[in-house]
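Hi,

Here is the structure I said I'd pass on. Have a look at it first, and then read on for what turned up.

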Amino acid sequence: MKNNRRNFLKTGTVLSASALAASMLSAIPARVTASPVTTGDNGGSKNQYRTLGSGKHSIKVSYGLGLGCMGMSFNRSFIPNTKDMITVIRKAYEMGVTLFDTAEAYGPFTNEVLVGEAIAPFRKHITLCSKFGFDIQNGKLTGGLNSQPAHIRAVVEQSLKRLKTDVIDLVYQHRVDPKVPMEDVAGTIKDLTKEGKIKHFGLSEAGPESIRKAHAVQPLTALQTEFSLMTREPALEVFSVCEELGIGFVPYSPLSRAYLTGYINERTKYIATNDNRPGLPRYKPEAIVANWGIIDVLTAFGNQRGYTAAQVALAWLMAQKPWVVPIPGTTKLAHLQENLGAATVDLTPDELKQITNDITAIKIVGDRCATPQTK
Ligand SMILES: NC(=O)c1ccc[n+]([C@@H]2O[C@H](COP(=O)([O-])OP(=O)(O)OC[C@H]3O[C@@H](n4cnc5c(N)ncnc54)[C@H](OP(=O)(O)O)[C@@H]3O)[C@@H](O)[C@H]2O)c1
């Protein structure tokens with residue numbers, strides 16, 4: 001499987017047996033060309049990999065984009081059937097994706113079970129990422145945090161079972177827990193790493209001070225924080241510390257929870273019991289309408305170059321730094337193909353500047369979250 005996939009990446013050869021998959025895969029590039037790119041030492045195309053982290057704490061990620069699996073079970077309204085989501089995850093792998101993102105909190109639990117089953121045939125060839133840190137009682141998220149060392153250990157054991165694996169490649173603390181010193185969290189991860197249960201450590205929505213404290217105890221491979229053309233500030237605040245310490249950056253909600261695709265609008269109806277968007281200021285109908293100039297910018301640019309709004313939004317992220325690896329989520333093969341196509345978008349410095357200036361000129365209405373996330 002691995003060799004086949006490598007060959008596919010090198011030659012663009014279509015491997016899937018089904019006609020549908022063949023027609024989809026044929027549009028996928030043989031290699032990553034979004035710029036700027038890292039110089040891989042894999043002996044293949046220099047554009048084939050991006051790297052998160054540095055030294056022995058680094059991970060090479062093929063394709064430059066990962067797959068966020070949350071929405072297949074959690075927070076994105078409908079929950080599609082498991083069989084089809086397994087197909088989406090497996091097709092992503094066939095198309096060259098090696099970074100798969102889940103968390104204990106997604107469901108809770110059900111998303112890890114889904115991902116564990118989907119990746120089983122190629123487990124050893126991918127980077128499996130999960131997260132701990134939310135308080136869950138009787139199978140429900142309480143809204144609180146829990147990064148107590150004993151709890152981290154218990155969660156990792158349970159995640160390993162659900163993911164059907166004996167090691168998690170990258171484990172993030174989902175949110176900084178003000179009640180637990182970061183040194184204790186990082187120390188627990190260090191021990192779990194020595195025990196062979198975790199390979200790499202990451203934080204999510206952590207500020208510079210938390211990053212430095214954690215990194216001093218157990219070097220971080222990646223920071224996963226919301227970052228998109230609509231939500232630039234949280235990431236830009238930590239880019240310099242990531243660069244200084246050699247920590248990769250994984251933008252979550254890189255399509256701003258579908259907004260940047262132009263796929264949702266003020267008439268979109270959400271299933272409120274399984275969607276966080278109705279509670280977020282930016283997804284109120286009046287904010288959706290007020291911010292639509294962003295879609296106009298992305299669409300106008302995309303129309304000139306032959307790309308969709310989603311592809312321009314993802315390419316803009318990838319062009320920020322060679323150590324940025326977005327993880328767009330989708331439940332649809334068509335969207336997966338479209339999103340992976342962003343890796344072929346080669347933005348010139350002038351184009352990048354133009355998109356940034358045009359979007360920065362738009363005053364975004366509505367906060368990204370109801371309460372501050374980064375600590
Ligand atoms: N660390 C954290 O705290 C945190 C928080 C949130 C998310 N995450 C991670 O980040 C991943 C992605 O985040 P996200 O799901 O919040 O946001 P996202 O990737 O920005 O957007 C996902 C939404 O966009 C839609 N979409 C994707 N591609 C599309 C396309 N080409 N055209 C039209 N619609 C498209 C999806 O619907 P369809 O299914 O219809 O394509 C889905 O509703 C998650 O899966 C999760 O792994 C992490």
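Start with strands E3 and E4 (residues 99-101): they pair in the parallel sense, over two bridges. One of the residue pairs to look for is leucine 67 with its bridge partner in E4, phenylalanine 100. Keep in mind as you look that this is a predicted model.

That pairing belongs to something wider. Seven strands make up an open sheet with parallel pairing, and the order across it is E3-E4-E5-E8-E9-E10-E11. Which strands sit at the edges? They are E3 (67-68) and E11 (248-252), each of which pairs on one side only. As a reminder, strands of a sheet pair through backbone hydrogen bonds, either parallel or antiparallel.

Next, helix H5, which covers residues 149-162. With 14 residues at 1.5 Å a residue, H5 should span 20 Å, and its end C-alpha atoms are indeed 20 Å apart, so the two agree. Which of its residues are buried? Ile152, Val155, Val156, Ser159 and Arg162 are. Looking down the axis of H5, you'll find the buried residues within an arc of 125°, so they line one face of the helix. Turn to the other side of H5 and you meet exposed residues: Ala150, Glu157 and Lys161.

What covers the buried residues of H5? The cover includes two helices, H4 (110-119) and H6 (182-194), along with strands E5 (127-132), E8 (168-173) and E9 (198-204). Those three strands should ring a bell, as E5, E8 and E9 follow one another in the order of the open sheet. Just after H5 there is also a small detail to check: lysine 164 takes a positive phi of about 55°.

Then there's the ligand. It is surrounded by 28 residues, and the closest are Gly68, Met70, Leu255, Ala258 and Gly329. By type, the residues of this shell divide into 13 polar, ten nonpolar and five charged. Helix H12 (residues 333-340) gives the largest share of the shell, with three residues.

Finally, a few figures for the whole chain. You'll find 13 helices and eleven strands in it. The chain has 375 residues, and 46% of them count as buried. Of the contacts with a separation of 6 or more, 74% are between residues 24 or more positions apart.

Shout if anything is unclear.

Cheers

Notes
Residues numbered from 1 in each chain as written. Predicted model: local features only at pLDDT ≥ 70, side-chain atom pairs only at ≥ 80, totals over all residues. Near = placed C-beta within 6 Å. Helix = DSSP H or I, 4+ residues; strand = E, 2+ residues; numbered from the N terminus. Nonpolar A, V, L, I, M, F, W, Y, C, P; charged D, E, K, R; others polar. Buried ≥ 20, exposed ≤ 12 C-beta atoms within 10 Å, placed from the backbone. Contact = placed C-beta atoms within 7 Å. Expected span 1.5 Å × (residues − 1). Arc of directions from axis to C-beta. Pairing = 2+ DSSP bridges.
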